[in-house]
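User: Got a minute to go through this model with me? I'd like the basics before I set anything up.

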Amino acid sequence: MRMSVKEIAHAVHGSYTGDGNTEVSSVCIDNRQASPGCLFIAIRGERLDGHQFAAAAVGAGASAVLCHKEVEVSNVPVIRVEDTSRALMDLAAWYRGTFDIPVVGVTGSVGKTTTKDMVACVLSARYRTLKTEGNFNNEIGLPLTVFGLKKEHQAAVLEMGMSNFGEISRLSKVACPDLGIITKIGVSHMETLGSREGILKAKLEILDGMKGRAPLLINGDDDMLSTVGDVGHPLIRFGLENEACDFLAQDIRQGEEETSFVIRYDGGRQEVTIPAVGIHAVYDATAAFAAGILLGVESGKAAAALGVYQPSGMRQRVVKRDGITVIEDCYNASPDSVQAALDTLKHMPCKGKRIAVLGDMLELGTISRQAHTKCGALAAHSADVLLTYGPMAAQYVQGAAAEGLKEAYHFDDKAALAETLISVLEKGDVVLFKASRGMQLEEVLKTLYERWEKKC
């Protein structure tokens with residue numbers, strides 16, 4: 001959707017020089033991605049200041065520049081604001097308001113990306129749907145996702161991440177969700193939010209931008225979310241255990257690469273099979289099914305859509321290679337998601353050994369040591385072999401050893417870890433990889449696949 005410089009200046013409460021009727025057809029914040037007709041927004045980051053690259057963006061074809069400092073450009077309109085980061089959000093909120101389509105906002109401590117992907121999959125059965133890609137769930141990524149809306153889009157699913165109070169509120173006011181989803185309240189970002197009560201408060205900020213009586217869909221099995229009362233919006237619950245849930249998944253049957261279950265809701269019943277394993281995936285799929293029903297997707301079509309869902313990136317992806325099964329789940333990690341991943345490993349059909357490869361969980365603050373030790377203890381009851389990597393990962397081994405697991409080893413070097421893994425690995429084994437993204441455990445995955453192929 002094209003925007004004029006005059007419209008942009010009004011939306012961001014700024015002033016402009018040059019031709020106000022000049023139109024832009026896209027927005028970018030990286031001069032390397034600038035293209036003819038785009039608006040270049042000069043964002044000042046931690047390491048680089050976009051104002052230094054305004055001229056380069058214009059040289060690449062940018063039709064206008066939005067800045068909060070002087071820039072050396074000519075022959076294009078310049079829009080001046082007090083803060084370009086704030087202006088990026090303001091412009092995205094204005095742009096979102098030009099679309100009369102259902103928007104789903106998704107947040108939570110665990111499972112928000114998978115839930116977002118599954119919701120988009122379900123909505124695509126009826127609507128042409130835009131969704132957040134990758135980790136574009138912050139105050140830069142979400143606005144850029146919103147700018148991806150085009151005339152042909154009929155729905156959107158936007159993921160909202162945060163690390164402190166106020167962030168979800170600001171993101172929600174940009175997205176203006178017609179339906180909000182909170183997946184779970186865990187312990188991620190405890191360092192900045194102080195407690196699970198603080199995390200719940202931060203997640204509930206999604207209500208700040210939600211329209212009128214837009215419903216809030218929450219996990220009815222979560223102990224913190226069960227405390228949520230009157231929030232001024234209809235509360236709809238999904239879950240597996242709480243019989244009072246509006247959407248209840250039951251009769252769960254897990255195979256090697258898929259999970260089947262029944263969702264009961266409002267007197268209805270729908271059989272669902274998803275190409276994913278683990279109880280956490282059932283929660284995510286149940287939330288997605290509920291979102292689809294609430295937004296007018298037929299139950300059969302919603303179930304069929306979930307049946308062709310594909311995990312994105314290294315999230316809960318099951319790979320079979322020459323006799324072994326690998327669960328790639330090393331995009332992110334928290335105590336809750338590690339526990340869920342270990343539970344998946346424990347119940348995965350396996351003819352050989354169950355091996356857990358765990359890396360550090362980041363951003364846990366003062367609870368980090370305790371959390372790693374507790375997850376190590378859980379690993380002792382899910383895995384036959386535990387291999388760990390990272391400064392805090394030695395606590396995994398301590399926790400596992402205390403529970404009697406004899407084959408638990410810590411490594412400071414990824415190459416040594418990979419060497420040990422390959423030496424103990426045999427056909428029929430199942431291997432789980434789980435760590436925070438910053439640990440880059442995919443390097444061990446790459447070595448494993450290369451070396452295992454040669455070994456076979």
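**Cysteines, sheets and a cavity**

Analyst: The structure holds 0 disulfides, a disulfide being a pair of cysteine sulfur atoms within 2.5 Å. This is a predicted model: local features need pLDDT of at least 70, side-chain atom pairs count only at pLDDT 80 or more, and totals for chains, interfaces and linings use all residues. Residues are numbered from 1 along each chain as its sequence is written, and side-chain values use heavy atoms, with hydrogens and water left out.

User: What is the nearest cysteine sulfur to Cys 38?

Analyst: That of Cys 28, 3.7 Å away; Cys 38 is in no disulfide.

User: Is Cys 38 buried or exposed?

Analyst: Buried, at 1% relative accessibility. The cut-offs: buried is under 20% relative accessible area, exposed is over 50%, and partly exposed is in between (1.4 Å probe, protein chains only). Cys 176 is partly exposed, at 24%.

User: Sheets next. What is the strand order in the open one?

Analyst: It has 5 strands, ordered E2-E7-E6-E5-E4, with mixed pairing. Strands (E, at least two residues) and helices (H or I, at least four) are DSSP runs, numbered from the N terminus. Two strands pair if DSSP finds at least two bridges between them.

User: Which strands stand at the edges?

Analyst: E2 (15-17) and E4 (26-28). Each has a single partner strand, so one side of each lacks a neighbour in the sheet. From one strand to the next, the twist averages 25 degrees. Axes are lines fitted to C-alpha atoms, for helices over the stretch in contact; angles run from 0 to 180 degrees between N-to-C directions.

User: How many bridges join E2 and E7?

Analyst: 3, in the antiparallel sense, with E7 covering residues 78-80. Thr 17 has Val 78 in E7 as its bridge partner.

User: Which helix packs on that sheet?

Analyst: H3, residues 84-96. This helix touches E5 (38-41) and E6 (64-67), contact meaning heavy atoms within 4.5 Å. The direction of H3 makes about 140 degrees with that of E5.

User: Backbone oddities. Which residue other than glycine has a positive phi near 70 degrees?

Analyst: Asn 75. Its place is in the loop between E6 and E7, and Asn 75 is exposed at 79%. His 13 also has a positive phi, about 60 degrees, and is not a glycine. His 13 lies in the loop between helix H1 (5-11) and E2, and counts as exposed at 67%.

User: Now E8. How many of its residues are buried?

Analyst: 5 of the 5, residues 103-107, so E8 is largely enclosed by the rest of the structure. Val 103, Gly 105 and Thr 107 are buried on one side, Val 104 and Val 106 on the other. In a regular strand the side chains alternate between the two faces of the sheet.

User: Which way do E8 and E10 run?

Analyst: Parallel, joined by 4 bridges, with E10 at residues 155-159. Val 103 stands opposite Ala 156 in E10. E8 and E11 (residues 179-182) also pair in the parallel sense, over 4 bridges. There, Thr 107 has Ile 182 as its bridge partner.

User: Last topic. How many cavities of 30 Å³ or more turn up?

Analyst: 1, from a search of the whole structure. Its volume is about 50 Å³. On a 1 Å grid over the protein atoms alone, a cavity is a set of points where a 1.4 Å probe fits but cannot get out; lining residues have an atom within 4 Å of a point. Grid points are joined across faces, edges and corners, and a volume is the space filled by probe spheres set on the points.

User: Which residues line the largest cavity?

Analyst: Val 277, His 280, Gln 316, Ile 327, Asp 329, Ala 341, Thr 344 and Leu 432. Strand E18 (324-329) and helix H11 (335-347) are the elements giving two or more residues to that lining.

Technical notes:
1 Å grid on protein atoms, 1.4 Å probe; cavity = no way out; pocket = protein on both sides within 12 Å on 5 of 7 lines; lining within 4 Å.
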